[in-house]
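Q: Could you take a close look at one part of this model for me, the strand pairing, and then walk me outward from there? I'd like it in plain bench talk.

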Amino acid sequence: MTRQDLNTEEWQRMDVAHHLHPFTDPRYFDNKPPLVVTRADDVYVWDSAGRKILDGMAGLWCVNVGYGRQELIEAANAQMQALAYYNVFFQSATPPQIELSKVLSEVTPDGLDHIFFANSGSEANDTIVRMVRHFWEVEGQPEKQIFIGRKLGYHGSTVAATSLGGMPAMHAMGKSLLPGFEHIVHPHWYLEGEGLDRDDFGLQAARALEDKILELGADRVAAFIGEPIQGAGGVIDPPRTYWPEIERICRKYDVLLVADEVICGFGRTGEWFGSQTYGITPDLMPMAKGLSSGYLPIAAVAYNARVHQAMGKGGVFSHGYTYSGHPVACAVALANIALIKREKLVDRVRDDVGPYFHKRLKAAVGEHPLVGEVRGHGLLAGVQLVKDRDSRQLFDIGLNVATRVRDHCLERGVIMRAVGQSMVASPPLTIKHEHIDTMADVLAQSLDATARELGMA
Ligand code: PXG
């Protein structure tokens, strides 16, 4: 049982005394206590003081079907009663894991019919590093070992996932990066493509991959990895020319294409997967988050027949996690996917709430003096903050502009994330127009409040 009898200050004191928060400077809590979230329903969470807050981030980009869905809760309960745990190591299998493998092969793009299970996006990406390197060994090209990722890419926090990603703060911390990981420019038109037409910039950014492959030698490059839309990097949606060109280059040099669908998967971009939104077919696809809508930790890697054949020739695949294919997590993921289908949430994002979200955000803040660009796709949005709209000049980092906007949003009852000098949002796919209106209006008010604080209004 959790202790329900503590008041907010007691929770906060205990938390700060005994718990280290991910991606948080512990000194932050000298001035501001943590937000203690105690319950949730639909698109709302409640804090320990009983305040109702609209969750514009769906937790951490994951609660796609919204909170409190009975189908998922009942699926967990029923599976725990029948079989709370058994493993899928060696020669064992369980019905939920078997069924989920089949269902995932159906919803993923054509050809991605084989599944390996993990428990987090980071673990899925670690699996990819091991699987891809094993693949090239089996294929008789053991020197093809290098991964190419992108600046501001995020693929998780384990040592391999940090190396795949291109997050400066993570790379700067300690000396835990692995050799054999390279990074190219991210397709951030607003910040990197000045003077260029969006589509021309998309081609130029993709051709950085070709340059990098030629620099390293195609016989040394194992795979390229990218998020269809970069999430943690600030919701960077590439020009439509970008991904097809990346795919063409990967095929030309026989470099495996990995689309990290951890955020984009399960409807967020208005298709089942971001790869479909951009018209590409990757060789491997890590997924997590929306796979179970965050109700339980589960992740998966889907891969194609070519990789599957090599796995078949490669002998023992010496890799796996105790909780790979956990039956309760698989049962919840099955219920989650069934619910996404029954409520047609993917179509809803593509045809209704996705376009409304962008229309409404653009109308509310698109012309705001602090806003350079509103970008994104489906239910992923990034709002670029700028000091000067004409010159695209950014604020001094020390001003923490995005953090200020985020705090103003929270004061007004809406959760959004600050990423660098952008605000990002990724609400549950069940969000209604009236909630979107609230998010857009609160963001506009919060930008006004920030402008006043900075003496700009
Ligand atoms: N790939 C992508 C594209 C992700 O966004 C991971 C892998 C790693 O997943 P796990 O389950 O190991 O965390 C992620 C995770 C944020 C934020 O607010 C983003 C993530 C995680 C935590 C915070 O930007 N993305």
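A: Let's start with one pair of residues: Arg417 stands opposite Val424 in strand 15. This is a predicted model, so read everything below in that light. Arg417 belongs to strand 14 (417-419), and strand 14 is joined to strand 15 (residues 422-425) by 3 bridges, with the two strands running antiparallel.

Now zoom out a little. Strands 14 and 15 sit in an open sheet of 4 strands, in the order 11-12-15-14, and the pairing is antiparallel. Strand 14 stands at one edge and strand 11 (371-377) at the other; each has a single partner strand, so one side of each is left without a neighbour in the sheet. From one strand to the next, the twist averages 25°.

This sheet also has a helix lying across it. Helix 15 (residues 401-411) lies across strand 12 (380-385), strand 14 and strand 15, and its direction makes an angle of about 40° with strand 15.

There is another open sheet to look at, again of 4 strands, with the order 1-2-3-13 and mixed pairing. Here the edges are strand 1 (37-41) and strand 13 (414-415), and because each has a single partner strand, one side of each lacks a neighbour in the sheet. The mix is easy to see if you take the pairs one by one. Strand 1 and strand 2 (residues 44-47) run antiparallel and are joined by 4 bridges. Strand 3 (residues 52-55), on the other hand, pairs with strand 13 in the parallel sense, over 2 bridges. If you want residues to click on, Asp41 has Tyr44 in strand 2 as its bridge partner, while Asp55 stands opposite Ile415 in strand 13.

The turn between strand 1 and strand 2 deserves a click too. It's a hairpin with 2 residues between the strands, and Asp42 takes a positive phi there, near 55°. For background, most residues other than glycine have a negative phi. Asp42 has some company in that respect. Phe90 has a phi near 55°, again positive in a residue other than glycine, and Phe266 has a positive phi of about 60° without being a glycine either.

Those two phenylalanines make a nice contrast. Phe90 is in the loop between helix 3 (70-82) and helix 4 (95-107), and with 74% relative accessibility it counts as exposed. Phe266 is in the loop between strand 8 (256-259) and helix 11 (274-277), but at 0% relative accessibility it counts as buried.

Last stop, a helix pair. Two packed helices are described by the angle between their axes and the distance between the axes. For helix 9 (residues 198-216) and helix 10 (residues 242-252), the axes come within 8 Å and cross at roughly 20°. That angle is under 35 degrees, and the two helices are therefore roughly parallel to each other. The crossing is right-handed. On the helix 9 side, the residues in contact include Leu203, Ala206, Leu209 and Ile213, and among those they meet in helix 10 are Tyr242, Ile246, Ile249 and Cys250. Charged residues take part as well, including Arg207 and Glu210 from helix 9 and Glu245, Arg248 and Lys252 from helix 10. Altogether, the contact divides into 9 nonpolar, 1 polar and 5 charged residues.

Definitions and conventions. Residues are numbered from 1 along each chain as its sequence is written. This is a predicted model: local features need pLDDT of at least 70, side-chain atom pairs count only at pLDDT 80 or more; totals for chains, interfaces and linings use all residues. Side-chain values use heavy atoms; hydrogens and water are left out. Two strands pair if DSSP finds at least two bridges between them. Axes are lines fitted to C-alpha atoms, for helices over the stretch in contact, and angles run from 0 to 180 degrees between N-to-C directions. Angles under 35 degrees count as roughly parallel, over 145 as roughly antiparallel, 65 to 115 as roughly perpendicular and the rest as oblique. A crossing is left-handed if the near helix is turned anticlockwise from the far one by less than a right angle, and right-handed if clockwise. Contact means heavy atoms within 4.5 Å. Buried means under 20% relative accessible area, exposed over 50%, partly exposed in between (1.4 Å probe, protein chains only).
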